[in-house]
Amino acid sequence: MNDPGPRRRFVHILWFDQLDSTNTWLLDAAGTGAPEGTVAVADHQSAGRGRLRRRWESPPGSGLLASILFRVHLDPTELFSVSALVTLAARDAIAGEIGVSVGAKWPNDLVTDNRKLAGVLAETRGLGGEDVAVVVGIGINVSWPAPGPEATELNATCLESLCGHPVDRRRLLEAMLDLVERRRHQLDVADGRASLLHELESVTVTVGRRVRVQTSTSTLVGTAVGLDPRGQLIVEVDGVQRVVSVGDVVHLR
Ligand code: BT5
């Protein structure tokens, strides 16, 4: 591939000692006109969050906690392609910079050996309007949790446990943003968005597994067979395909 040259768009990096949540900060900044490519990073979050108001835990300085602002013209049904882009960029940056190969777990995790290494949380501002701000936050465990009770309780792992040497969070961030920029054009055309989802599907370890999926209203047990064009999980239960838009997945043996 040709050298793409210096990064141009994802260059406004604001690195804080502490924030409540990088996603909250960036959603507020989006509301006051922050441009696409603004990136908020924090050494520590006092109220880092996952989906459904869950907490994202990360002792100070132990993780890469970053949120990236996109401004896109997308139908709400296509928003999953934006988090897919960041998930793929993070996966490729981890492979390229650190030499660790990780898979995606539907809908929003990076995992290795079924243990969670990173989580992605996409949130929007201005949905339904012309100019939608999409903030994609990612928390990557860098030096915590090391093997022990906390890692076991969270079923989590961190990069330094996997690679056995210190990991520079800044370099990892820069590598990830380079890859975000290189893929950004894919969001602008339907083919590009579709190929982001295909690529994500191809690295999603959930696909092909027996799964238990907990939604707000039901529990499904079946085989995950793929992602649909919106990024929803298709689960085959007793020969019938069911589509899950929101839920938590447990990979069964
Ligand atoms: C996620 O939610 O995995 C999305 C996490 C996104 C965090 C980033 S950090 C930067 C940005 N700013 C924010 O405020 N958030 C984003 P979910 O799938 O709901 O998973 C949350 C669950 O993961 C929790 O309920 C815990 O069980 C578990 N968990 C919490 N901290 C963890 C960690 N460091 N490693 C692995 N699992 C963790």
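Domain bounds, as used below, come from an automatic or database domain assignment. The model is predicted.

**Exercise 1. The two domains**

Determine into which domains the protein is divided, and describe the contact between domain 1 and domain 2.

Solution. Begin with the division itself, which gives domain 1 as residues 12–203 and domain 2 as residues 210–251. The C-alpha centres of these domains lie 23 Å apart, and across the boundary 11 residues of domain 1 are in contact with 15 residues of domain 2. The area buried between the domains is about 1,100 Å², with 56% of it given by carbon and sulfur atoms. On the domain 1 side, Thr 77, Trp 106 and Glu 201 lose the most area to domain 2, and together they account for 51% of what that side buries.

**Exercise 2. The largest nonpolar core**

Find which members of the largest nonpolar core touch the most other members, and work out where this core lies with respect to the two domains.

Solution. The core has 60 residues, of which Ile 68, Phe 70, Ile 140, Leu 159, Leu 173, Met 176 and Leu 233 touch the most other members. Helix H2, residues 80–98, gives the most to this core, with 11 residues. Because domain 1 and domain 2 both give residues to the core, it lies between them. Apart from this core lies another, of nine residues, including Leu 26, Leu 27, Ala 40 and Leu 69.

For the surroundings of one member, take Leu 159 and set aside residues up to four places away in sequence: among the residues that Leu 159 touches are Ile 94, Ile 98, Leu 117, Ile 140 and Val 167.

Next consider Leu 88, whose place is in helix H2. With a relative accessible area of 2%, under the 20% limit, Leu 88 counts as buried. Leaving aside neighbours within four places in sequence, Leu 88 is in contact with Arg 183, Leu 196, Glu 199, Leu 200 and Val 203. Of these, Leu 196 is 108 residues away along the chain, yet the two C-alpha atoms are separated by 8.2 Å.

**Exercise 3. The buried side of helix H1**

Identify the buried residues of helix H1, and decide how they are placed around the helix axis.

Solution. In H1, residues 22–31, the buried residues are Thr 22, Asn 23, Leu 26, Leu 27, Ala 29 and Ala 30. They cover an arc of only 160° around the axis, and therefore lie on the same side of H1. What covers these residues includes strands S1 (12–19), S2 (38–45), S3 (63–72), S6 (115–125) and S7 (132–141). At the start of the helix, a side-chain oxygen of Ser 21 reaches to within 3.1 Å of the backbone nitrogen of Asn 23, while just after H1, Gly 33 takes a positive phi of about 95°.

**Exercise 4. Backbone exceptions**

Locate the cis peptide bond that joins Trp 106 and Pro 107, and place the residues Leu 52 and Asn 155, each with a positive phi.

Solution. As background, most residues other than glycine have a negative phi, and most peptide bonds are trans. The bond between Trp 106 and Pro 107 is cis, with omega about 0°, and Pro 107 lies in the loop between strand S4 (103–105) and strand S5 (109–112). A cis bond also runs from Trp 144 to Pro 145, with omega near -5°, and Pro 145 is in the loop between S7 and helix H3 (149–154).

Turning to phi, Leu 52 has a value near 50°, lies in the loop between S2 and S3, and is exposed at 62% relative accessible area. Asn 155, with phi near 55°, lies in the loop between H3 and helix H4 (159–163) and is partly exposed at 39%.

Note on methods
Residues are numbered from 1 along each chain as its sequence is written. This is a predicted model: local features need pLDDT of at least 70, side-chain atom pairs count only at pLDDT 80 or more; totals for chains, interfaces and linings use all residues. Side-chain values use heavy atoms; hydrogens and water are left out. A nonpolar core is a set of buried Ala, Val, Leu, Ile, Met, Phe, Trp, Tyr and Cys residues joined through side-chain atoms within 4.5 Å. Buried means under 20% relative accessible area, exposed over 50%, partly exposed in between (1.4 Å probe, protein chains only). Helices (H or I, at least four residues) and strands (E, at least two) are DSSP runs, numbered from the N terminus. Contact means heavy atoms within 4.5 Å. The arc is that of the directions from the helix axis to the C-beta atoms. A polar contact is a pair of N or O atoms within 3.5 Å; within protein, one must be able to donate a hydrogen and the other to accept it, and residues adjacent in sequence count only if both atoms are side-chain atoms. Buried area is the accessible area (1.4 Å probe) that two parts lose on being put together, summed over both.
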